[in-house]
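Me: I am new to this structure and would like to be taken through it slowly, with the reasoning spelled out at each step.

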Amino acid sequence: MRRAVVLLVCGKAEVVHGDPTGMVVHSATSSLEVPSVIRLATYVRVPYRGRVPLTRAGLMLRDRYRCAYCGGRAETIDHVVPRSRGGQHTWQNCVACCAKCNHRKADKLLSELGWRLRVVPSAPRGPHWRLLAGVVDADPLWLPYLGEPAA
Ligand SMILES: [Zn+2]
């Protein structure tokens, strides 16, 4: 946020969406509404490489906060193959899941329940995912800018 405000003040970026929480930062002489989405005036190549770390926030964004099984609002993370049955903590084995499905699924395999995944989970690609991995509370306003979920 601090960096975004500095970019705005220096004229290197413009606001696309304000922050719905309406936060305002003040300096000695002026005040500025905190942005949620900004557009840089010039293209900046982000030199990140390698795999995107798996985080709760990143996973929720990849799955658009939708339960992988019923499509409802997801609040939890489910290991498709349960950890107790050798499932890995990876992008390919983790999905967003609603509390109800997570409770019903417990430590069972999909084949035992007759359930299917709505989308086959995979690691997201692209530099913005690396940035998002460190974000605890992602703004839903960002979703349209994240591209299609990896198939
Ligand atoms: Zn569900």
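The questions and answers below concern this predicted model.

Me: Into which domains is the protein divided, and how far apart do the C-alpha centres of domain 1 and domain 2 lie?
Reply: The assignment divides the protein into domain 1, covering 1-45, and domain 2, covering 53-135. Taken between their C-alpha centres, the separation of domain 1 and domain 2 is 33 Å.

Me: Which residues form the aromatic pair that a search of the whole structure finds?
Reply: The search of the whole structure gives one aromatic pair. Its rings lie 5.2 Å apart, centre to centre, with 50° between the planes, and the pair is tilted; the two residues are Tyr69 and Trp115.

Me: How many residues apart in sequence are the parts that this pair ties together?
Reply: Tyr69 belongs to the loop between α2 (56-62) and β5 (76-79), whereas Trp115 belongs to the loop between α4 (110-113) and α5 (127-132). Because the two partners sit in these separate loops, the pair ties together parts whose distance in sequence is 46 residues.

Me: Are Tyr69 and Trp115 buried or exposed?
Reply: Buried is the term for residues under 20% relative accessible area. Tyr69 and Trp115 both fall into that class, and the word for each is therefore buried.

Me: Is Val120 buried or exposed?
Reply: Val120 is found in the loop between α4 and α5. Its relative accessibility is 61%, and since the class in question begins over 50%, Val120 counts as exposed.

Me: In strand β6, which residues point the other way from Cys94 and Ala96?
Reply: Strand β6 spans residues 94-97, and its residues Cys94, Val95, Ala96 and Cys97 are all buried. Cys94 and Ala96 point one way from the strand, and those pointing the other way are Val95 and Cys97.

Me: Which residue stands opposite Ala96 in β6?
Reply: β6 pairs with β5 in the antiparallel sense, over four bridges. Across from Ala96 stands Ile77.

Me: From which element does the largest share of the largest nonpolar core come?
Reply: This core has 15 residues, and those with the most contacts inside it include Met60, Trp91 and Trp129. At least two of its residues are supplied by each of α2, β6 and α5. The largest share, three residues, comes from α2.

Me: How many residues does the other core have, the one lying apart from the largest?
Reply: Among the members of this other core are Ala68, Tyr69, Val80 and Leu110. The number of residues in this core is 10.

Methods. Residues are numbered from 1 along each chain as its sequence is written. This is a predicted model: local features need pLDDT of at least 70, side-chain atom pairs count only at pLDDT 80 or more; totals for chains, interfaces and linings use all residues. Side-chain values use heavy atoms; hydrogens and water are left out. Rings of Phe, Tyr and Trp (its six-membered ring) pair if their centres lie within 6.5 Å; planes under 30 degrees apart count as stacked, over 60 as edge-to-face and the rest as tilted. Buried means under 20% relative accessible area, exposed over 50%, partly exposed in between (1.4 Å probe, protein chains only). Two strands pair if DSSP finds at least two bridges between them. Domain bounds come from an automatic or database domain assignment. A nonpolar core is a set of buried Ala, Val, Leu, Ile, Met, Phe, Trp, Tyr and Cys residues joined through side-chain atoms within 4.5 Å.
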